[in-house]
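Hi,

Here is the structure I promised to pass on. Have a look at it first, and my notes follow below.

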Amino acid sequence: MMLATRFDELVRNWEARPLLRELGITVREIESGRVVLAMERNGTNVAGVRDSINGGVQATYAELAAHIAIGTLLDDGARIDRTQDVSVSYVYSATSLWTMAEAQVLRHGRLTVVDVDLRVGEAGEDEGRMNAKARVTCALVRER
Amino acid sequence: MTEISDPLENSPEQAEQHPLYQLVGLANECTGGGRATCEVRAAAGETAPSSFALTTAVDVLVVQAARTTVTPQEELNGTAELNVTYTRPAVGTVQVEAHEVGRVTTMRVLEFTVSDADGTLAFGRSTYAVRARSRR
């Protein structure tokens, strides 16, 4: 399958999931080993102190971004078995309308490591300011 | 955008009505004395909660446990660090337990475990920031 077509299908499959819809997450950019997602504030994801995006939602957002980035590298028969580790350092309260997640695969193998940055998304003086830094490790398996 | 209050400011019964609780299947929350427990149920059409749901649920529960440790002169200031390790996928309804293991003026350190009928499937640690309550 052509790469662009495969990525289109990957994006369609992820964006159709209720979890992404409920959290207001869409895919903005996708290429081999890298994705950029956007999350809009809504009545579900705003559940943190002082009207911020909930820290757990940010962690899940990073985990989702990592899974989608890994998905761009999976060949036939390979799949993500499970998330193994999620580590998040929260840097700055996520109160902007848009929060972007950029995920970059650092190592691709049976244990795949992904670096994820969450940043302020909309234009303004805080644009690009880091909300959180995450590292996600996933275990991959190959179907026989 | 709809203005909503922090669901964690409310009672467990009220919090369970928050869309985030419903999205991740968090229910039967119980808190007190630096400890919190809850159940996480599978989403419709699923047989067990996903790690995506559990990652959110553990942070929510850590906040609830941390909330029970703050004094009237303090207020919660957000999660500072969250580390979760999964050893296997969940089977059926899951229980999450979080408890305080250390504290200093500006933070609480909490550990948590996630288990199902077959035992522990995930564990981790979180650091939660606390600050002096601002005068109004």
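**What I found**

Before anything else, keep in mind that this is a predicted model. I started with one strand pair and worked outwards from there.

In chain A, L37(A) has A101(A) in β4(A) as its bridge partner. M39(A) is matched in a similar way, its bridge partner in β4(A) being T99(A). Both pairs sit where β2 (34–40) of chain A meets β4 (98–107) of chain A, two strands that run antiparallel and are joined by 7 bridges.

Now follow β4(A) to its other neighbour. That is β5 (111–120) of chain A, again antiparallel, with 8 bridges between the two strands. T99(A) is a handy marker here: M39(A) is its bridge partner from β2(A), and V120(A) in β5(A) stands opposite T99(A) as well. To get from β4(A) to β5(A), the chain makes a hairpin through 3 residues.

**Where the chains meet**

Which strands pair across the two chains? β3 (78–90) of chain A and β3(B) do, in the antiparallel sense and over 5 bridges. If you want a spot to zoom in on, try S87(A), which stands opposite N83(B) in β3(B).

As for the contact between the chains, 29 residues of chain B are in contact with 28 residues of chain A. On the chain B side, α2 (19–24), α3 (51–67) and β3 (74–86) each supply at least two residues. The largest share comes from β3(B), with 11 residues. Sorted by class, that side of chain B has 16 nonpolar, 10 polar and 3 charged residues.

**The whole sheet**

Put those pairings together and you get an open sheet of 12 strands with antiparallel pairing. Reading across, the order is β1(A)-β2(A)-β4(A)-β5(A)-β6(A)-β3(A)-β3(B)-β6(B)-β5(B)-β4(B)-β2(B)-β1(B). The edge strands are β1 (25–31) of chain A and β1 (26–32) of chain B, each of which pairs on one side only. From one strand to the next, the twist averages 20 degrees.

One thing to bear in mind when you look at the side chains: in a regular strand they alternate between the two faces of the sheet.

If you only have a minute, go to β3(A) and β3(B), since that is where the strands of the two chains pair, over 5 bridges.

Cheers

Note on methods
Residues numbered from 1 in each chain as written. Chains lettered and ligands numbered in written order. Predicted model: local features only at pLDDT ≥ 70, side-chain atom pairs only at ≥ 80, totals over all residues. Pairing = 2+ DSSP bridges. Helix = DSSP H or I, 4+ residues; strand = E, 2+ residues; numbered from the N terminus. Axes fitted to C-alpha atoms, helices over the stretch in contact; angles between N-to-C directions. Contact = placed C-beta atoms within 7 Å. Nonpolar A, V, L, I, M, F, W, Y, C, P; charged D, E, K, R; others polar.
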